[in-house]
Amino acid sequence: MEKQENQAATFLKMIRSIDLESFTIMARNLKVMIIALDQDLKLQYGNDVFFEMVGWPADQVLGEDYVKNFIPQEFRFVVRNTLQVIINKQVDTYSGSNYVLTKNHGTRYVNWNSVHLTSPD
């Protein structure tokens, strides 16, 4: 477990030091789904991989409640509470997995990791 925590800490240091352009190129090449939520759990950013997976165009879902729109009803309470814990900085990093809803009412199972980022402003 300690080795995993050290690896996670090293990864976080790397992510925090990388510039946005390099991070975007890396994410595009790795086919990693990336989203950013605000403190109200509204979707503020999604990369192309995310929008391709869920089937929604960005302009129809950015600014909308992530949990309400992308988490199946039976998991919303748990996911919303978990995300609130992360956003309220009660944990620095967190890993989980859950189903994500698609536009055609299907689901995709995703494993995820969170990193609490704050605006430099």
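## The strand 1 and strand 2 hairpin

In this predicted model, A36 stands opposite Y45 in strand 2. The two strands concerned, strand 1 with residues 35-37 and strand 2 with residues 43-46, pair in the antiparallel sense over three bridges. Together strand 1 and strand 2 form a hairpin, with five residues between them.

The turn of this hairpin includes L41, whose place is in the loop between strand 1 and strand 2, and whose phi is near 65°, a positive value in a residue other than glycine. L41 counts as buried because its relative accessibility is 0%, and the cut-off for that class is under 20% relative accessible area.

## A second positive phi, at H105

H105 also has a positive phi, of about 70°, although H105 is not a glycine. This residue lies in the loop between strand 3, which covers residues 93-101, and strand 4, which covers residues 107-115. With a relative accessible area of 74%, H105 is exposed, since the exposed class begins over 50%. The two loop residues can thus be set side by side: L41 is buried at 0% relative accessibility, whereas H105 is exposed at 74%.

## A nonpolar patch and the loop before helix 6

On the surface, F75, Y99 and Y109 make a nonpolar patch of about 300 Å². Of these residues, F75 lies in the loop between helix 5 and helix 6, the latter spanning residues 76-87. F75 counts as partly exposed because its relative accessibility is 33%, a value that falls in the class between under 20% for buried and over 50% for exposed.

## I87 in helix 6

The place of I87 is in helix 6, and with a relative accessible area of 18% this residue is buried, the limit for that class being under 20%. I87 and V115 are 28 residues apart in sequence, and their C-alpha to C-alpha separation in space is 9.3 Å.

## Confidence along the chain

The mean pLDDT of the chain is 83, and 79% of its residues reach 70 or more. Among the elements of the chain, helix 1, with residues 2-17, has the lowest mean pLDDT, at 63, while helix 5, with residues 66-70, has the highest, at 97. Where pLDDT is low, the predicted coordinates should not be read in detail.

Key: Residues numbered from 1 in each chain as written. Predicted model: local features only at pLDDT ≥ 70, side-chain atom pairs only at ≥ 80, totals over all residues. Heavy atoms only, no water. Pairing = 2+ DSSP bridges. Helix = DSSP H or I, 4+ residues; strand = E, 2+ residues; numbered from the N terminus. pLDDT = per-residue confidence, 0-100. Patch = residues over 30% accessible without salt bridge, like charges linked within 9 Å, V, L, I, M, F, W, Y side chains within 5 Å. Areas by Shrake-Rupley, 256 points an atom, 1.4 Å probe, with all protein chains shown as cover. Salt bridge = Lys/Arg side-chain N within 4 Å of Asp/Glu carboxyl O. Buried < 20%, exposed > 50% of the residue type's maximum accessible area, 1.4 Å probe, protein only.
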